[in-house]
Amino acid sequence: MREKRLKVTVPSETIKEVALMVRDELAFDHPSAVSGTDWIAKDEIEIIYFVGSATKAGFQDFVIALAERIPRRDPVAPSLIYVWAGVEYHERESQEMLGINFEGNPYKGHFLLPEDWNDMPPLRKDYISPGR
Amino acid sequence: MTIQTEYDPDSDRIMAVSFGPQHPGAGHFRIRLWLDGDYLVKSEPDPGYIHRGEEKMSEYRNYIQNVPHLERPVILDSSNILCPYALAVDELMGNKIPDRGQYLRVIMSEINRIISHMYFIAIEGLFTGHTTMITWCMGDRDFWIDLAARIGGARVTFAYIIPGGVRNDMPEGLTEKALQTCAWFEKRMDEYDKIFFKNPMVLTRMEKVGILSSEDAIRLGAVGTVLRASGVKSDVRKDEPYSRYGDFDFEIPSLSGGDAWSRAYMALLEMRQSVKIIRQAFKNIPPGPVRLKLGPQPRVPAGEVYARTEAARGEMSYHVVSDGSPRPYRVKIGSPSFKNMRVLPHLLRNVHIADIPIIYWSLNYWPLEADR
């Protein structure tokens, strides 16, 4: 990644503490996006929280990418909605698109997908779109 | 009789009602409302009615084939939402975009910002019962669409900003017409200000409605006009200048009210700055090529990029992961409407039904952009 982007990969057991440190000590208070990637060859799912700072002078161009890798077969990760309230809907999206179970995020239904969706999470690499 | 202000699922006073997705004032979007009489106790957005799987679709197409469909979520603002994708691919490939191409990216982005903001205040006018605003804005917007069509060759979806620069150069002799449009539009904006934004009827309807504090705006991850109307001066064009935005003299307006009126007024203030940028860009555009020749299937080295730009509705971001193959491994689209959606249930509670459209439209929420 380029200058002014910092990617930190941490174990999912410690991501909450690191997130709190990023928010409170580094003043990165403005959640920007949550991305998830299915690394099927490594049998892992990577979750990345992109966080910027709206209040820290001189750091407006800086984005911290806080990443964690969880096993693909048991994709459980702690939710960070109590750290950054703004990531709530982003987590809901990753939950249904990649099948990640965010512990602490109370919403378990379908958000963008149809209510009666009963196939596997569509952004998993082994999901093949109809007609492909 | 007292009004029940706390949500209680067992209470027989609370009635659950859907606002949308067929409601003409909701777009293709549903908000679930829990009401006590005409008083809104709780609300919950329900997006997804126009989810088109853009992210999955991107994985099946190569980097150039992705250009036309990635601008479809917001046809009002198509150049701005395509720009971070082009920036991300350029960054992965290490492309150095020619100066003329950079300036044309700025010109098209700013024209699109005006086209989008005109639609925003037109709709805001419609839902405050101010019919003049929708007819004026929809009509005037067409002059900007004409200008964009002269450059991009289509009226709404231009597929103009592409990896490696822009698709084509602008026609000769356009500068004069563009400067005329800018001069006319500046006078026109003064009229919008008088007839709509300073109109006592509109002020009564929109002032102090749906107040969002700056702390909440940051905490909930609000972006764009919503964030700046709450007093946070944050704009990617200034914070992290891309496409030669650093060359231009413009300001980032912000307001402290945080109410529906401030959010709508931000659009007018931003359009003034856009006109300023467009004028400078047309006057100072350097000669030269506008794009790099990348071919129909460029080789993109493995890596990942997080690129962001300021679209009309706020910070637009793309997380692009490449594994070195001809197609992207992962494309994550972070659209401003999706980011602002978290603000909706925060504002839509403890208000009257009549304020719902005012608050909802003041967020400049665009369902297609949020669903992708």
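This passage looks at the strands of chain B in a predicted model.

Residues are numbered from 1 along each chain as its sequence is written, while chains are lettered from A and ligands numbered from 1 in the order in which they are written. Because the model is predicted, local features need pLDDT of at least 70 and side-chain atom pairs count only at pLDDT 80 or more, whereas totals for chains, interfaces and linings use all residues. Chain B averages a pLDDT (the predictor's confidence in each residue, from 0 to 100) of 88, and 97% of the residues score at least 70. The model scores are ipTM 0.90 and pTM 0.89.

Chain B holds an open sheet of four strands (DSSP runs of E, at least two residues, numbered from the N terminus) in the order β1-β2-β3-β9, with antiparallel pairing. Here, two strands pair if DSSP finds at least two bridges between them. Strands β1 (15-19) and β9 (351-352) of chain B stand at the edges with a single partner strand each, so one side of each has no neighbour in the sheet. Further in, β2 (residues 30-36) and β3 (residues 39-46) of chain B run antiparallel and are joined by seven bridges. B:W34 stands opposite B:K42 in β3(B).

A second antiparallel pair links β7 (residues 314-322) of chain B to β8(B) through five bridges, and B:V321 stands opposite B:R330 in β8(B). Strand β8 (residues 330-334) of chain B is largely enclosed by the rest of the structure, because five of its five residues are buried. A buried residue has 20 or more other C-beta atoms, placed from the backbone, within 10 Å of its own. From β8(B), B:R330, B:K332 and B:G334 point one way and B:V331 and B:I333 the other way, and all are buried.

How values were computed
Buried ≥ 20, exposed ≤ 12 C-beta atoms within 10 Å, placed from the backbone.
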